[in-house]
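Reader: Could you take me through one part of this model at close range? I would like to hear how the helices pack against one another, residue by residue.

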Amino acid sequence: MKITVFDNERVLARTLAVQIAASLGQRPATVLGLATGRTPIRLYHELGTLHAHGQADFSRATTFNLDEFAGVERDHPGSYRVFMQEHLFSRVNLPPENVHFLDGAVADPEAECERYETAIAAAGGIDLQILGIGTNGHIGFNEPARALEPRTHLVTLKASTRRSNAGLFHGDPEQVPSQALSMGMATILHARRIVLIATGKSKARCVERMVKGPIDTRMPASFLQLHRDVELALDRAAAAALRPE
Ligand code: GLP
């Protein structure tokens, strides 16, 4: 795993945004996999700023978000779709028909998950997957478990995950849906390139376990060790537990 430690979140976000804008310049029809959570917000805003300055063109890009809450309509203020609209889609020139999302409100989640896998394949697969990490090591909504689901699936969320998403639901973890739809581990690992962002001291321990620990379904992010093109973009606080051998 390539590890890059940045002085602070601002420099991290700016640097990644410039890299993504450059790859869109080289390959305009790039397929991006996108994450929600607090971590990528600065990156999305930086991409918006670059776009406003004519330095990032999304007109031929395609996006697939990692996950969405189950039972939540697309225009619900707590939905990840609304989050993405606010932080990225409203700031850049992505054609709406190129934006792909899991529909959390469907009657048949299994069919919805299959539809998503088919859509990703039809787009030619994901070129660059942006990830965050949960403090319990989840990526997307692939929670620690005895076994991990390979493909897009319905997940039951851990209490800690519902707590950390409470901000989207009036600060009340009880209002956070108990289930979500998420890309699976194989869906994520099939991306050609993966950049995982982790910032702040609350992520130091899971970053250490992801990088130095065994590959363990109890630490889903550890499976990224198997991927040939993964970069971890960390700030100093998140990298604090990584000492040279
Ligand atoms: C959420 C999302 C993940 C995200 C993670 C970390 O539950 N489903 O995709 O990476 O938790 O969130 P944050 O960046 O707010 O720490």
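Author: Happy to; here is a walk along the helix packing, from one contact to the next. Please keep in mind that this is a predicted model.

Let us begin with helix α1, residues 9-26, and helix α2, residues 41-52. Their axes lie 8 Å apart, and the angle between the two helices is about 50°. That angle makes α1 oblique to α2, since it falls outside the ranges for roughly parallel (under 35 degrees) and roughly perpendicular (65 to 115). As for handedness, the crossing of α1 past α2 is right-handed.

Which residues carry this contact? On the α1 side you will find E9, R10, A13, R14, L16, A17, V18, I20 and A21. Facing them from α2 are R42, L43, E46, L47 and L50. Sorted by character, the residues of this contact are nine nonpolar and five charged, with no polar ones.

Now stay with α2 and turn to its other partner here, helix α3, which spans residues 80-87. The axes of α2 and α3 are 9 Å apart, and the helices pack at an angle of about 45°. This pair is therefore oblique as well. From α2, the contributors are I41, Y44 and H45, while α3 brings F83, M84 and H87. The division by character in the contact of α2 with α3 is four nonpolar and two polar, with no charged residues.

One residue in that list rewards a closer look: H87, which sits in helix α3. Is H87 buried or exposed? Its relative accessibility is 9%, so H87 counts as buried, the cut-off being under 20%. Setting aside neighbours within four places in sequence, H87 touches I41, Y44 and H45, and those three are the residues that α2 supplies to its contact with α3. With H45 there is also a polar contact, made between the two side chains at 2.8 Å.

For a contrast, have a look at another histidine, H170, in the loop between α5 (159-164) and β8 (179-182). With a relative accessible area of 73%, H170 is exposed, whereas H87 is buried. The backbone of H170 deserves a glance too: its phi is near 55°, a positive value in a residue other than glycine.

To gather the threads, α2 packs obliquely against α1 and also against α3, and the side chains of H87 and H45 make a polar contact.

Methods: Residues are numbered from 1 along each chain as its sequence is written. This is a predicted model: local features need pLDDT of at least 70, side-chain atom pairs count only at pLDDT 80 or more; totals for chains, interfaces and linings use all residues. Side-chain values use heavy atoms; hydrogens and water are left out. Axes are lines fitted to C-alpha atoms, for helices over the stretch in contact, and angles run from 0 to 180 degrees between N-to-C directions. Helices (H or I, at least four residues) and strands (E, at least two) are DSSP runs, numbered from the N terminus. Angles under 35 degrees count as roughly parallel, over 145 as roughly antiparallel, 65 to 115 as roughly perpendicular and the rest as oblique. A crossing is left-handed if the near helix is turned anticlockwise from the far one by less than a right angle, and right-handed if clockwise. Contact means heavy atoms within 4.5 Å. Ala, Val, Leu, Ile, Met, Phe, Trp, Tyr, Cys and Pro count as nonpolar, Asp, Glu, Lys and Arg as charged, and the others, Gly among them, as polar. Buried means under 20% relative accessible area, exposed over 50%, partly exposed in between (1.4 Å probe, protein chains only). A polar contact is a pair of N or O atoms within 3.5 Å; within protein, one must be able to donate a hydrogen and the other to accept it, and residues adjacent in sequence count only if both atoms are side-chain atoms.
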